[in-house]
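Got your viewer open? Let's take a walk through this one together, one selection at a time.

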Amino acid sequence: MEKSFDEEMNEKIGNLRNQKSVKILAIESSCDETSVAVVENGRKVLSNVISSQIEIHTRFGGVVPEIASRNHILAINPILEEALKKAKCTLDDIDAIAVTQGAGLVGALLVGVTSAKALSYATQKPLIAVNHIKGHIAANFIAHENLKPPFICLITSGGHTAIVKVVDYNSFKMLGTTQDDAIGEAFDKVARIVGLGYPGGPKIDKMAKGKKGTIEFVKHDAFENSFDVSYSGLKTAVINYVHQKQQNGEELDIPNICASFEREAVEMLTKKAIKAALQENLKTIVLAGGVAANSYLRESLSQLGKDNGIEILFPPIELCGDNAAMIGSLAYYNLLSEEPAKLNMTAKPSIPLE
Ligand code: KG4
Ligand code: ZN
């Protein structure tokens with residue numbers, strides 16, 4: 001009897017596990033970046049093409065989901081060709097197709113997921129579904145060749161904030177998370193309130209650089225005795241402060257507001273990440289996600305690490321934001337331990353980490 005597509009793919013994945021060099025073509029389209037990469041053995045990036053829609057969304061003050069989906073459709077095929085060309089590969093040289101399944105904007109995710117399924121079926125190569133947030137963690141496997149689990153990861157992105165114990169490449173224990181807004185979301189909202197526009201994170205970073213914020217927004221940590229955090233309280237405190245100043249006709253000291261907000265947003269997490277590493281007896285903390293590009297976060301966590309004998313690692317700036325190389329990296333470790341995704345796999349706007 002003829003083998004089914006799933007049986008064929010299972011067999012192929014089994015063979016790949018014994019292959020010396022495995023090249024994965026990875027696709028990422030969860031938000032406003034369309035990206036395609038070719039990654040070898042989870043660590044070596046042969047190409048990583050990223051097309052950002054930031055300019056398109058800036059005029060709306062944030063990402064408009066429908067516009068993001070339409071632009072992914074326009075970008076995906078040319079970027080795929082460019083990624084193969086840069087990697088000096090053809091589809092014949094690729095062993096498996098990986099794609100971000102979630103979390104993200106459903107319409108945006110669907111563009112990547114549909115393309116990956118079509119490629120998998122047309123080329124008869126296994127399909128690997130990747131969790132976007134786990135992918136952010138894997139950016140560190142590309143940047144630090146000797147990094148191996150277990151370690152603590154501080155996830156700081158536009159949609160997620162968490163302190164996680166990375167037990168193995170595909171095993172995670174959530175130690176704490178945000179109870180409301182994500183840290184990146186808070187940066188973006190505060191930037192909008194003070195008139196810096198979208199995307200707020202890099203703009204606040206620049207505005208706050210070298211400044212010592214003197215304003216105290218949040219006086220009490222509602223989650224003092226846990227690894228959880230809240231960004232809604234900090235955001236509201238900044239909004240109230242700005243409104244009050246405006247009502248009194250006082251001028252806003254924007255660099256001071258940015259530096260004070262940034263300090264509180266970052267310190268809330270860094271102290272807890274150190275505490276988590278000490279509690280779990282782990283000597284390494286890695287940073288992951290878009291906000292990992294923040295210079296104050298990188299500097300202050302590095303200092304805290306030094307003070308406590310803990311190694312602090314982070315990806316280079318170009319691997320902090322959304323990119324397909326990190327998806328291709330994690331896909332390799334998925335391939336080693338999991339079955340391939342089926343062709344009826346679909347996009348998931350939210351997806352658990354554990
Ligand atoms: O990980 P990411 O690219 O997308 C999600 O998966 O959410 O993160 C995007 C977030 C945005 O909120 C953006 O403002 C923030 O990362 N970000 C920064 C910096 N660069 C990007 N936040 C603070 N400082 C930065 N330098
Ligand atoms: Zn992301």
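Before we start, a word on naming: helices here are DSSP runs of H or I with at least four residues, strands are runs of E with at least two, and both are numbered from the N terminus. Also keep in mind that you are looking at a predicted model.

**Stop 1: a sheet of five strands**

Select strand 2, residues 33-40, together with strand 3, residues 44-52. These two run antiparallel, and 8 bridges join them. Now zoom in on the turn end: Glu40 sits opposite Lys44 of strand 3. The hairpin made by strand 2 and strand 3 has 3 residues between the strands, and there you'll find Asn41 with a positive phi near 50°.

Next, add strand 1, residues 23-28. Strand 1 pairs with strand 2 in the antiparallel sense, over 6 bridges. To see one of those pairings, click on Ile27 and look for its bridge partner in strand 2, Val36.

Time to show the whole sheet. In what order do the 5 strands lie? Reading across, the order is 3-2-1-4-5, in an open sheet with mixed pairing. Strand 3 and strand 5 (127-131) are at the edges with a single partner strand each, so one side of each has no neighbour in the sheet. Turn the sheet and look along it: the twist averages 20° from one strand to the next.

What packs on this sheet? Select helix 3, residues 65-86, which touches strand 1, strand 2 and strand 3. Its direction makes about 25° with that of strand 2. Then select helix 12, residues 324-337, which also packs on the sheet. Helix 12 touches strand 1, strand 2, strand 3, strand 4 (96-102) and strand 5, and its direction makes about 130° with that of strand 1.

**Stop 2: the zinc ion**

Jump to ligand 2, a zinc ion. Which protein residues are its donors? Show His132, His136 and Asp322 as sticks: the two histidines offer NE2 and the aspartate offers OD, at 2.0 to 2.1 Å from the zinc. Along the sequence, the donor residues follow the spacing H-x3-H-x185-D. That brings distant parts of the chain together: His132 belongs to helix 5, while Asp322 is in the loop between helix 11 and helix 12, 190 residues apart.

**Stop 3: the second five-strand sheet**

Now color strand 7, residues 161-168, and strand 8, which pair in the antiparallel sense over 6 bridges. Here's a pair to click on: Lys165 has Lys173 in strand 8 as its bridge partner.

Bring in the rest of this sheet and you get 5 strands in the order 8-7-6-9-10, again an open sheet with mixed pairing. Strand 8 (171-177) and strand 10 (311-313) are the edge strands, each pairing on one side only. Here the twist averages 25° from one strand to the next.

Select helix 9 as well: it lies across strand 6 (151-156), strand 7, strand 8 and strand 9 (284-288). Its run is at about 160° to strand 6.

**Stop 4: the pockets**

Switch on a surface. The largest pocket holds about 1,300 Å³ of space. To find its middle, select Asp32, Gly158, Asp188, Tyr198 and Gly290, which lie nearest the centre among the 41 lining residues. Which helices each supply at least two residues of that lining? They are helix 5 (132-143), helix 6 (183-193), helix 7 (200-208) and helix 11 (317-320). Helix 6 gives the largest share, 6 residues. Color the lining by class and you'll get 17 nonpolar, 15 polar and 9 charged residues.

The second largest pocket has a volume of about 530 Å³. Its lining has 17 residues, with Val218, His220, Asp221, Glu264 and Met268 nearest the centre. Helix 8 (232-247) and helix 9 (254-280) each supply at least two of the lining residues, and helix 9 gives the most, 7 residues. Color this lining by class too: 4 nonpolar, 3 polar and 10 charged.

**Last stop: a closed space**

Where is the largest cavity, and what lines it? Select Asp6, Met9, Asn10, Pro340, Ala341 and Lys342 to surround it. The space inside is about 30 Å³. Its lining divides into 3 nonpolar, 1 polar and 2 charged residues.

Notes. Residues are numbered from 1 along each chain as its sequence is written. Chains are lettered from A and ligands numbered from 1 in the order in which they are written. This is a predicted model: local features need pLDDT of at least 70, side-chain atom pairs count only at pLDDT 80 or more; totals for chains, interfaces and linings use all residues. Side-chain values use heavy atoms; hydrogens and water are left out. Two strands pair if DSSP finds at least two bridges between them. Axes are lines fitted to C-alpha atoms, for helices over the stretch in contact, and angles run from 0 to 180 degrees between N-to-C directions. Contact means heavy atoms within 4.5 Å. On a 1 Å grid over the protein atoms alone, a cavity is a set of points where a 1.4 Å probe fits but cannot get out, and a pocket is an open set with protein on both sides within 12 Å along at least five of seven lines; lining residues have an atom within 4 Å of a point. Grid points are joined across faces, edges and corners, and a volume is the space filled by probe spheres set on the points. Ala, Val, Leu, Ile, Met, Phe, Trp, Tyr, Cys and Pro count as nonpolar, Asp, Glu, Lys and Arg as charged, and the others, Gly among them, as polar. Donors are N, O and S atoms within 2.8 Å of the metal (3.2 Å for Na, K and Ca); water is not among the atoms, so sites may look incomplete.
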